[in-house]
Every structure is written in C-alpha cells, then in structure tokens.
Amino acid sequence: MRSDLIAMIRRSGGVIRRDHALDRYPVHVIDDAVRCGAVVLIYPGVYRLPECDGLDTRRRGALAYCESGALSHTDALDVWGLPSRTCGVVHLTAGMGVTCKARGIRLHHRRDYSPEAPTVVTRAGLRVVRLEQAVIESWRLLPLMDQRAPAIVGVRERRTTAGRLLEQLELHPTTPGARAQRRLFEMLAAGNHSELEIWGHQRVFTDKRLPRSATQHRLALDKRVVYLDRAFPEELVAVELDGAAYHGSRGQRERDLRRDAELARLGWLTVRYSHQRLHQDAGGVIEELLEILRRRRAQLAAAG
C-alpha cells in the first residue's frame, strides 16, 4: 500500500494533504511512510516526496495547505514569467478570515479576494492571482532598481496593457508605491515600452523645440507589422532606441539593418540612438534631430 500512496502523491504533483491521503489509506500506512522517510512533512498536514524539494513543490505544498489561497506577489510574478526576485518564503493571498501558522509561507489578506476567476486563475497547474495584481503588489518587495521591470516587460511583450494596470491600481489606491506606479503606467500607456524609451520621452522627445512624435507607431511592411519606438510621421523619420540588452548581438544588428532597409523602401528614414548616446548627450540628440527633421521637410517638399 505504501507504493500506491507514493504513486498517488506523484500523480498529485509531488505533494498531498494528510486528510486527502486518509480518504484512501489507513492512518498507519501514512505514518509508517513518514517514519521511514518515504514521504516528508513540508507544512502542517502536507507531505511531499523526498526527491521533490524544489520551489515548485514548495508552492504546490503551500497551495495544498491553504486551499482557498493563491500564489501572489513575487511568486505570482515568477509563475507569470515576469522578472522577479524569489526567496525561501512562498507568498500567498487569501480572504480576510484565513489564517496560516506554517513557517515558510507568508499569507497576505485582501478584502476583495475571491478564490474564483477572474481574481484567481490557474497557470502551470498552480492557482495564481492575475498578472496585474502581481505586478502592483510586488512593487514594495522588489529592490528599487527592479521595481519597474515587471510592468515594462509585461506591457512590452503584450501580456497586459497599461490600461489594465491602471484599472487594477485604482482598485487599490493606497498600495505602497501607488504614485510611482501610476506615473510608470501612464508612461507605458503613452507607448514607452522600455527604460530607455521612458528616459528619452522625459528628457528628449518632449522638448518643446521638437514637433510632436508618436510612440510605438504601427506600420505595415510587406509581410508583417512593426512598431517604431518613436516616429515623426509628417517627416517620415523613425527613431529607434537601441538598448544594449536587445541590440548588442550580431544577429540583432543584422535584423535591425534588414528592417531599416524595408522602411527605406517605404520612404522612411531610420535614425538610431544608443543608450550611451541618449544618456550622455541628450542635448546633442535634440539638436541633431532638429536638423534631420528640417532637411527631411525640405527633401519631401522638393520631391512633392
């Protein structure tokens, strides 16, 4: 019977609640399995297999221990595949009346919490709060330099929208960091989808000497649609901001050149600025853009 118990736990993702095991097996079978080390107590009333000792097992065990809870905060970020800093503690969120006395679990309470959709969804077999909630509630748990990354990546990869993030934030206006998050989400809503684009928007492209430009300008090429980091549509000038993390490899540079050539066939001039140039010479970038736009207007007028 012990082998049947172990097979049952394995089918359950490596963890099982004691009361669920007792529905199938006598108490002595479970206790004997614990005494000989065939199963291991992970949380009160929750067991795991000895070989299952990773973060995924701890999360499954925490969800088994708190059956009405859902993974939240940085654990939810990780499950959603967004930048996160996980630690030994598993973060769960549940309703106000739920208690937790297990070491290794940090339980958060929300008055508006519901264990059902749309508040909670299932991802990779794990109950987890919505992506937008995970982004907002993780802000205070992340180091200052990492706080903005989950929202930026989520919007840039089109897993969520700035509008949905703002809507969720309005439901929790007193959450720590709400003011800074609102500013970030508004910048994302304006079409700035990287730290470099946000920096450029604040210090370069909103300069009063420059004409109004569009962020994430949608443009149809022959077989696909591209989004320009910054566009001056009247002058047909595309500005691409090349962060080292995304444009430093040889393969990416070749893809950038091919895209620039496709844009040129449609009459667009592409201007690229590196992270270093934008940060170290913002004034020079503005002056250069003014001259480029002046010459483009003259060229287009002559061609017309």
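**Exercise 1. Work out which residues of β5 sit on each side of the strand, and whether they are buried or exposed.**

Start with the two faces. V90, L92 and A94 lie on one side of β5, H91 and T93 lie on the other, and all of them are buried. Both faces of the strand are therefore covered in this predicted model. Counting along the strand gives the matching tally: 5 of the 5 residues of β5 are buried.

Next, look at who pairs with β5. Strand β4 (residues 70–71) runs antiparallel to β5, with 2 bridges between them. Here A70 is the residue opposite T93. β6, on the other hand, runs parallel to β5 and is joined to it by 5 bridges. In that pairing, L92 faces L107 of β6.

**Exercise 2. Decide how far helix α6 is enclosed, and find what covers its buried residues.**

Go through the helix (residues 131–138) and check burial: 8 of the 8 residues are buried, so α6 is largely enclosed by the rest of the structure. The residues in question are L131, E132, Q133, A134, V135, I136, E137 and S138. Now for the cover. It includes the strands β5 (90–94) and β8 (126–129), along with the helices α5 (73–79), α7 (149–156), α8 (162–171) and α9 (178–189).

**Exercise 3. Describe the second largest pocket: its volume, its lining and the element that gives the most to that lining.**

Take the volume to begin with: about 250 Å³ of space lies in this pocket. Its lining has 13 residues, and H73, Q133, E137, T175 and P176 are the ones nearest the centre. Two of those names, Q133 and E137, should ring a bell from α6. Sorting by element, β6 (105–109) and α6 each put in at least two residues, and α6 gives the most, with 3. Sorting by chemistry, the lining splits into 2 nonpolar, 8 polar and 3 charged residues.

**Exercise 4. Find the largest cavity and say what kind of residues line it.**

There's 1 cavity of 30 Å³ or more to look for. The largest cavity has a volume of about 40 Å³. Around it you'll find L5, I9, I16, A21, I30, V39 and Y47. Sorting them is quick: 7 nonpolar, no polar and no charged.

**Exercise 5. Lay out the sheet that contains β9 to β12, then place its helices.**

Write down the strand order: β9-β10-β11-β12, an open sheet of 4 strands with mixed pairing. β9 (214–220) and β12 (269–274) are the edge strands; each has a single partner, so one side of each lacks a neighbour in the sheet. From one strand to the next, the twist averages 50 degrees.

Zoom in on one pairing. β11 (residues 237–242) and β12 run parallel, sharing 6 bridges, and A238 has T270 of β12 as its bridge partner.

Now add the helices. α10 (residues 195–205) lies across β9, β10 (225–232) and β11, at about 125 degrees to β11. α14 (residues 282–303) lies across β10, β11 and β12, at about 175 degrees to β12.

**Exercise 6. Place E288 and judge whether it is buried or exposed.**

Locate the residue: E288 belongs to helix α14. Its relative accessible area is 31%, so E288 counts as partly exposed, since that label covers values between 20% and 50%. Leaving out residues up to four places away in sequence, E288 touches Y273 and R277. For a sense of distance, the C-alpha atoms of E288 and A124 are 49 Å apart, with the two positions 164 residues apart along the chain.

How values were computed
Residues numbered from 1 in each chain as written. Predicted model: local features only at pLDDT ≥ 70, side-chain atom pairs only at ≥ 80, totals over all residues. Heavy atoms only, no water. Pairing = 2+ DSSP bridges. Axes fitted to C-alpha atoms, helices over the stretch in contact; angles between N-to-C directions. Contact = heavy atoms within 4.5 Å. Buried < 20%, exposed > 50% of the residue type's maximum accessible area, 1.4 Å probe, protein only. 1 Å grid on protein atoms, 1.4 Å probe; cavity = no way out; pocket = protein on both sides within 12 Å on 5 of 7 lines; lining within 4 Å. Points joined across faces, edges and corners; volume = space filled by probe spheres on them. Nonpolar A, V, L, I, M, F, W, Y, C, P; charged D, E, K, R; others polar.
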